[in-house]
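Notebook open, model loaded. I'm starting with one residue and then working through the interfaces.

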Amino acid sequence: MREIASGEKGEMYSYFPGCTSHSTAVEYGLSIKAVLKALGVSLVEIEDWNCCGAAAVHSMNKLLSLCLPARNIAMAQKTDLELVVPCAGCFNMLKRTERALKTDPEMRREVESTVGFTYQEDLKIRALIDMVVNGIGFGRIEEKVQRPLTGLKVACYYGCALVRHPKVTQLDDPENPQYLDTLMSSLGATAMEWSFKTDCCGADLALTHGDFVVKLVNRIVGMAQEAGAECLVCSCGLCQINLEMRQDVGALGLPVFYFTELMGIAFGLEGTKWWSKHMISPSTLLDSLSLR
Amino acid sequence: MNRFGVFVCHCGLNIAGTVDVKAVSREIGEIEDVSHSEDYIYMCSDPGQLLIRNAVREKGLDGVVVACCSPTMHEVTFRKAVESEGLNPYVCEIANIREQCSWVHQGDKERATAKAREIIRSVLEKLRGNEVLETLAMPLTKRALVIGGGIAGITASIDLADSGYEVILVERQPSIGGRLDQLSLTFPHLDDARCILGPKKAEIANNPNIRVMPYCEVEEVKGFIGNFDVRIRRKPTYVDWDKCTACGVCLEKCPVESLSDFERGLTTRKAIYTGALSENSGKPVIDPIHCRHLVDGTCTICQEVCPEGAIRYDQGEELLEERVGAIVVATGYDLFPMEKIGEYGYGRIPDVIDGLAFERMLSPSGPTGGEIRRPSDGRIPQEVVFIQCVASRDPERYMPYCSRVCCMYTAKQAKLLKQKIPNSQPYIFFMDVRTDSKGYEEFLQGAIEEEELIYLRGRVARVFREGDRVRVWGEDTLTNRKVELDADMVVLATAVVPSEGIKDIAARLRATVDKHGFLTEAHIKLYPVESPTKGIFLAGCGQGPKDITDTVAQASATASKIQSLFSQDALLQDPLVAFVDPEICSGCGICVQVCPYEAREMDEYRGISKVHEALCQGCGACIAACPNNACELRNSKAVQVFGMMETFAEGAEGSLADG
Amino acid sequence: MDKPMTTVELPDIEGRQTFLAEVQERCGENLGLCYQCLKCTVGCPTAPYMDFNPNTIVRLIQFGLKREVLESNAIWLCVSCETCGTRCPNEIDIGLLMDALREMSLEEGYRAKEKGVVALHNAFMESIRRGGRVHEATMLMEYKLRSGDYWTDLIPGMKLFMKGKIPLLPGRIKGIDSIREIYKKTQKQRKVLEDREGKSK
């Protein structure tokens with residue numbers, strides 16, 4: 001087991017990074033590591049984890065789509081730590097599996113025998129944003145703020161997988177979630193009121209149907225712009241890259257941050273070199289507010 | 001000198017938005033015999049009435065004009081208010097400055113204000129001629145007539161009888177029970193219709209206050225609230241019911257068969273038959289149209305087989321006179337005839353039936369013993385199409401209104417179909433599904449969930465016979481698809497229409513009906529169970545389509561209205577009636593002819609006309625007709641009316657003409 | 001309604017009920033509850049591109065029109081965003097329904113209208129089978145080969161690569177054998193299903 005961030009003893013979580021944390025969402029992975037270290041929270045990456053399967057697998061093969069996350073659950077069960085998942089997509093797949101294991105005894109037997117493990121119902125699976133907001137809490141976050149994000153107008157984008165279906169995710173209000181907004185306020189930023197927080201960006205079809213995914217993305221980014229936001233903030237590797245790559249709303253476009261990136265800036269962390277990884281450079285925006 | 005008070009109501013902005021109420025109140029206050037004038041936002045409210053009462057008391061007013069809405073709205077209110085301060089209620093008058101002024105002159109404030117002022121001035125002129133009058137007390141017959149023996153008439157009868165009043169229940173069929181007797185289970189709790197009706201029928205039979213008159217019709221109604229004289233015709237049954245023991249032998253032996261109305265044509269009945277088949281005690285009648293003896297004298301079988309010798313081929317009709325104080329009209333409904341609907345087969349496709357026929361099929365006492373079978377070949381149907389809004393909500397061709405019960409009974413019928421024939425499939429074509437009462441939406445959704453009903457939104461264009469099945473051309477507008485399917489049976493939820501003969505009975509009662517024949521109420525919200533003709537009350541589907549729950553509630557409401565009427569010692573009536581100056585009357589009798597209420601009669605000894613104050617409604621017909629001006633109306637005497645007109649004429653020469 | 005009206009002749013009652021029952025069994029949703037309020041369709045991000053709207057899919061299943069449903073592009077354009085299921089007044093999870101329909105369509109060999117989507121899903125699944133995790137570069141290459149669409153998104157892809165966001169060499173998790181075992185077992189389960197279908201035919 002590999003500890004990727006280490007803090008005070010006792011405050012540890014088991015961690016499922018997801019495939020994108022090493023590729024298209026590398027800045028998410030890096031900022032998570034830095035921010036949690038600053039907050040004194042240790043993350044223990046689960047042993048030899050595998051891909052959650054994502055939309056592709058649940059579209060093609062239901063049993064496989066439950067067994068792939070189940071193998072990760074089996075690995076996570078080896079510790080008695082809560083399992084934290086940063087990517088909304090992976091979180092959703094793990095929670096779908098959890099729901100099937102908990103509510104469908106027949107399916108549970110099938111999954112258990114296929115993967116070769118025995119499910120323990122007490123394993124808690126949490127989205128990273130949930131762990132930050134409800135586990136660490138705003139008090140401790142505010143204490144760490146060195147450089148408040150004063151003047152930064154953000155539109156918080158939750159997308160689909162974090163909040164839907166609520167019977168699966170059991171997290172926040174599916175029509176008007178607040179976790180990210182409240183977190184942004186505690187960092188000193190201004191979370192704009194807007195109406196497209198949970199509208200789907202169509203990421204799953206980005207490669208096959210780029211033409212209409214551009215329309216979906218533009219509508220989301222356009223609504224954020226209209227609400228007065230200068231950037232978006234999200235918690236999903238697929239949403240982030242889709243929103244940055246497919247938007248076509250003006251000369252510069254709106255950068256899309258992972259929430260942990262903005263936490264890093266507000267905490268005044270050194271070596272936040274991940275900016276260069278963005279497809280839409282946030283440098284101009286951050287410079288204009290002296291946040292870099 | 002009079003001491004009049006004038007009270008000008010704003011009616012929110014209804015009057016004050018168009019009439020300068022402050023100016024009107026001020027100007028009227030300057031008239032010599034007006035000792036008090038004021039305005040207020042809502043004169044009919046408690047504080048508004050208190051203003052009037054205080055002024056009457058403190059200023060010793062001897063006459064009041066309230067300038068407000070129509071007297072039909074609040075005349076009674078204000079007369080009661082002044083009466084509570086010891087003032088005679090008939091010196092309180094209404095000046096209508098809303099319906100007759102502000103509402104019709106919006107946008108012309110100046111002239112509307114002038115007109116309001118003139119209206120008040122003319123009413124003041126009338127008031128100057130008013131007399132102090134005493135309310136008339138009329139004798140009251142505390143017995144009610146209920147027309148129609150369905151669940152509405154039954155309920156009203158029981159409620160009235162239970163409170164100690166006599167009831168005559170007239171039913172034109174051979175037995176009571178009405179449409180409810182034809183139903184199977186009822187929505188939303190699936191109570192058996194018989195479990196609702198059975199105990200009620202028993203109560204009717206055992207209640208000494210109720211006299212049931214089956215096979216009777218109301219022939220003529222005279223008189224007025226409190227004292228109606230009713231002539232009832234007992235149709236010949238051709239059976240002496242006192243002797244008949246309802247043994248049923250005659251029904252068995254009668255050789256003549258014709259389609260049964262009660263069974264909606266699903267089976268036949270004999271020429272001698274009983275009303276509701278479910279009742280053992282039903283005594284038979286002979287149908288004169290089909291009975292061979294009555295048609296051409298060729299058969300006497302029933303007479304031969306009757307062990308009691310009860311058959312009376314020579315029985316004639318009988319006329320009975322009764323006096324009652326109030327009448328409940330509960331004449332019920334029919335279904336719009338399928339025979340008139342061409343696109344659904346003009347009633348000629350045997351496996352296309354209406355909702356009531358399907359009820360008979362579902363009913364254990366029905367012609368199939370509760371089994372659902374196709375009328376054409378007796379086969380058990382699998383795919384059954386239900387069509388809602390047949391002839392309802394079709395303003396151009398049939399009825400514009402919603403029949404209210406079809407959505408629910410269709411859902412219920414589809415559910416019962418699925419329960420009786422588990423491998424069947426009900427399809428329901430609808431325009432909207434209206435489930436607006438307690439527990440109805442839950443019933444519908446429950447039925448859809450448990451029985452897998454398929455609801456298709458769209459009106460079926462056509463139904464026709466193809467082989468031994470019925471082809472249905474419909475549409476599902478929600479998915480934009482034309483749907484064609486072969487059904488084993490089609491059930492049409494045809495429109496609820498008033499039962500046959502409603503217009504005749506309404507005319508006899510001087511009650512009004514709308515253009516579809518439904519009885520009209522005096523006011524849809526204020527007087528929903530009263531006919532505009534006093535003393536006539538409305539219950540059930542004769543007033544408009546409604547379900548059993550609403551029918552029973554309405555029937556109880558009529559009973560309650562009649563109970564409060566009958567709880568008085570005498571009938572109190574406004575004394576605003578005609579009177580005759582005996583010095584002038586020439587005894588020509590024209591007034592007797594023109595009076596629509598039979599309130600005028602010649603006094604044969606004195607040779608002049610007289611007024612029955614109990615019957616007079618103050619309509620004024622006799623006054624207009626009297627060639628000698630011998631007739632007058634109390635507190636609307638000729639001198640008062642001319643005075644009002646002169647006041648208007650003066651006003652017209654003055655300010656009104658200026659604008 | 002931008003889709004033209006078509007006439008549908010309902011299949012016989014047995015065929016209809018069988019298809020409905022199988023779909024309901026697979027997805028666990030009670031489709032009879034649908035009262036066609038269209039909330040699912042109106043909120044759906046991809047419905048404008050579907051041949052049948054989500055509510056229509058439900059209705060077609062009730063009608064028993066198996067081929068139309070399983071060959072529709074709608075089932076492949078659903079992105080499982082669950083907006084429909086979250087808002088459905090009758091708690092019908094159309095996302096789960098679509099999963100079941102896709103699976104049935106594949107198992108029974110229906111022609112998929114959205115070949116690109118199927119190709120991408122297959123490439124994605126293969127990528128996991130090879131390394132236990134998704135490796136973008138090889139996965140995308142395989143997708144391009146499967147779909148025959150070589151040029152779309154080449155430039156954005158290059159940009160990602162230049163940013164160092166697409167690692168060049170695929171990795172492989174230690175327990176790759178267990179992943180392949182899972183694949184094998186779940187595939188086998190599909191075989192069984194297919195056999196059963198075969199026998200009943």
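**Entry 1: one asparagine in chain B**

I looked up Asn209(B) first, and it counts as partly exposed because its relative accessibility is 24%, while the buried class stops under 20%. Note to self: this is a predicted model, so everything here is computed from it.

Where does Asn209(B) sit? I found it in the loop between helix H7 (193-206) and strand E10 (210-214) of chain B.

Next I asked what Asn209(B) touches, leaving aside neighbours within four places in sequence. The list is Ala161(B), Gly164(B), Tyr165(B), Glu166(B) and Val167(B). With Ala161(B) I can be specific: the Asn209(B) side chain reaches the backbone oxygen of Ala161(B) at 3.0 Å.

I also checked Asn209(B) against Tyr90(B): 119 residues separate them in sequence, and their C-alpha atoms are 39 Å apart in space.

**Entry 2: chain C against chain A**

On to the chain contacts. I get 57 residues from chain C and 55 residues from chain A in this one. The buried area comes to about 5,000 Å², with carbon and sulfur atoms giving 62% of it.

How many salt bridges cross between chain C and chain A? The rule finds 6. I pulled up the one between Asp99(C) and Arg96(A), where the closest N and O atoms are 3.5 Å apart. For polar contacts, I have 25 residue pairs between chain C and chain A, both partners at pLDDT 80 or more.

Which elements of chain C give two or more residues to this side? I wrote down helix H5 (74-77), helix H6 (83-87), helix H7 (94-107), helix H8 (115-131), helix H9 (136-147), helix H10 (154-162) and helix H11 (176-200) of chain C. Sorted by class, the chain C residues touching chain A are 24 nonpolar, 15 polar and 18 charged.

**Entry 3: chain C against chain B**

Back to chain B, now for its contact with chain C. Here 30 residues of chain C meet 26 residues of chain B. Together chain C and chain B bury about 2,300 Å², and 52% of that is on carbon and sulfur atoms.

I count 3 salt bridges between chain C and chain B. Arg481(B) and Glu68(C) make a salt bridge through their side chains, at 2.8 Å from N to O. The rule also gives 8 residue pairs in polar contact across this interface, both at pLDDT 80 or more.

On the chain C side, strand E1 (6-9), helix H1 (13-27) and helix H3 (54-63) are the elements that give two or more residues. I sorted that side too: 14 nonpolar, 10 polar and 6 charged.

**Entry 4: the two domains of chain A**

Last stop, inside chain A. The domain assignment splits chain A into domain 1 (2-128) and domain 2 (145-288), with C-alpha centres 23 Å apart. Each domain puts 26 residues into the contact between them. They bury about 2,100 Å², and carbon and sulfur atoms give 75% of that.

Which three residues supply more of domain 1's buried area here than any other three? Glu27(A), Tyr28(A) and Val35(A), with 25%.

I found 0 salt bridges between the two domains, but 6 residue pairs in polar contact, both at pLDDT 80 or more. Helix H1 (26-38) and helix H4 (88-103) of chain A are the elements giving two or more residues on the domain 1 side. H1(A) gives the most, with 9 residues. By class, I have 16 nonpolar, 5 polar and 5 charged residues on that side.

Technical notes: Residues numbered from 1 in each chain as written. Chains lettered and ligands numbered in written order. Predicted model: local features only at pLDDT ≥ 70, side-chain atom pairs only at ≥ 80, totals over all residues. Heavy atoms only, no water. Contact = heavy atoms within 4.5 Å. Buried area = accessible area lost by both parts, 1.4 Å probe. Salt bridge = Lys/Arg side-chain N within 4 Å of Asp/Glu carboxyl O. Polar contact = N/O pair within 3.5 Å; in protein donor to acceptor, adjacent residues only side chain to side chain. Helix = DSSP H or I, 4+ residues; strand = E, 2+ residues; numbered from the N terminus. Nonpolar A, V, L, I, M, F, W, Y, C, P; charged D, E, K, R; others polar. Domains from an automatic or database assignment. Buried < 20%, exposed > 50% of the residue type's maximum accessible area, 1.4 Å probe, protein only.
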